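User: I am new to this structure. Please take a close look at a single part of it, and then show me what else can be read from the model.

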Amino acid sequence: DDNVVWEHFISWLSNRGGNVGAVTMARPNGIRGLVAQRQIEKGEILLAVPIGAAIELADQTTIADPSAAALVFLQAYKASADMQPYLDLVPRLDSPDLATVPDFFTDEELEMLQCPDVQENTRR
């Protein structure tokens, strides 16, 4: 159930100093994502993730393939259940939630986006 997973994640993030007070997880139009729980003020922080709860799979200053970093992350995951609340939010490869993520689009689907920036960044 999405609500149980989300509540578990909120507790996990809060214990690390994070905050998700302005948003919640929902499925507007059947697509899972974050939605505002109330009117958002200009400049307001929607979601705060402290460095201790962040996951960086690649050095953003390079164009390096993140595969090695992802492998290290998966090995760390196997060794510790500490990240489980976060990982429970990550859709499985066969999830319909991935149908809207450009990383999983075919080249033909990327071309249909007609957005060069998204196409270029996705193909990296």
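Analyst: **A close look at the hairpin**

Strand β1 (residues 23-26) and strand β2 (residues 33-36) run antiparallel, and four bridges join them. Bear in mind that this is a predicted model.

Start with the pairing. Thr24 of β1 has Val35 of β2 standing opposite. Now look at the two faces of β1. Val23 and Met25 make up the covered face. Thr24 and Ala26 make up the uncovered one. Thr24, the residue opposite Val35, is thus listed on the uncovered face.

Next comes the turn. Six residues lie between the strands of this hairpin. Asn29 takes a positive phi there, near 55 degrees.

Arg27 also sits in the loop between β1 and β2. Follow its side chain. It meets the side chain of Asp2 in a salt bridge, at 2.7 Å from N to O. Asp2 belongs to helix α1, so the pair ties together parts that are 25 residues apart in sequence. How open are the two partners? Asp2 has a relative accessible area of 27%, so it counts as partly exposed. Arg27 is partly exposed too, because its value is 37%. For both, the cut-offs are the ones that matter: buried means under 20%, and exposed means over 50%.

The structure holds two salt bridges. The other one joins Glu44 and Arg38, whose closest N and O atoms are 2.7 Å apart. Glu44 is partly exposed, with a relative accessible area of 25%. Arg38 is partly exposed as well, at 42%.

The link through Asp2 leads to helix α1. This helix spans residues 2-14 and contains Trp6 and Phe9. The two are three residues apart, about one turn of the helix. Both are buried.

Their rings deserve a look. A pair of aromatic rings is described by the distance of the centres and the angle of the planes. The structure holds two aromatic pairs. In one of them, Trp6 and Phe9 lie 5.6 Å apart, centre to centre. Their planes are 35 degrees apart, and the pair is tilted. Trp12 joins in as well: ring pairs link Trp6, Phe9 and Trp12 into a cluster.

One last stop lies further along the chain. Gln119 is placed in helix α5, which covers residues 116-123. Is this residue buried or exposed? Its relative accessible area is 11%, so Gln119 is buried. A polar atom of its side chain lies 2.8 Å from the backbone oxygen of Leu110. Leu110 also appears among the contacts of Gln119, along with Glu111 and Gln114. That list leaves aside neighbours within four places in sequence.

To retrace the route: β1 and β2 are joined by four bridges. Arg27, in the loop between them, is tied to Asp2 in α1. Helix α1 in turn holds Trp6 and Phe9.

Note on methods: Residues are numbered from 1 along each chain as its sequence is written. This is a predicted model: local features need pLDDT of at least 70, side-chain atom pairs count only at pLDDT 80 or more; totals for chains, interfaces and linings use all residues. Side-chain values use heavy atoms; hydrogens and water are left out. Buried means under 20% relative accessible area, exposed over 50%, partly exposed in between (1.4 Å probe, protein chains only). A polar contact is a pair of N or O atoms within 3.5 Å; within protein, one must be able to donate a hydrogen and the other to accept it, and residues adjacent in sequence count only if both atoms are side-chain atoms. Contact means heavy atoms within 4.5 Å. Rings of Phe, Tyr and Trp (its six-membered ring) pair if their centres lie within 6.5 Å; planes under 30 degrees apart count as stacked, over 60 as edge-to-face and the rest as tilted. Two strands pair if DSSP finds at least two bridges between them. A salt bridge is a side-chain nitrogen of Lys or Arg within 4 Å of a carboxyl oxygen of Asp or Glu.
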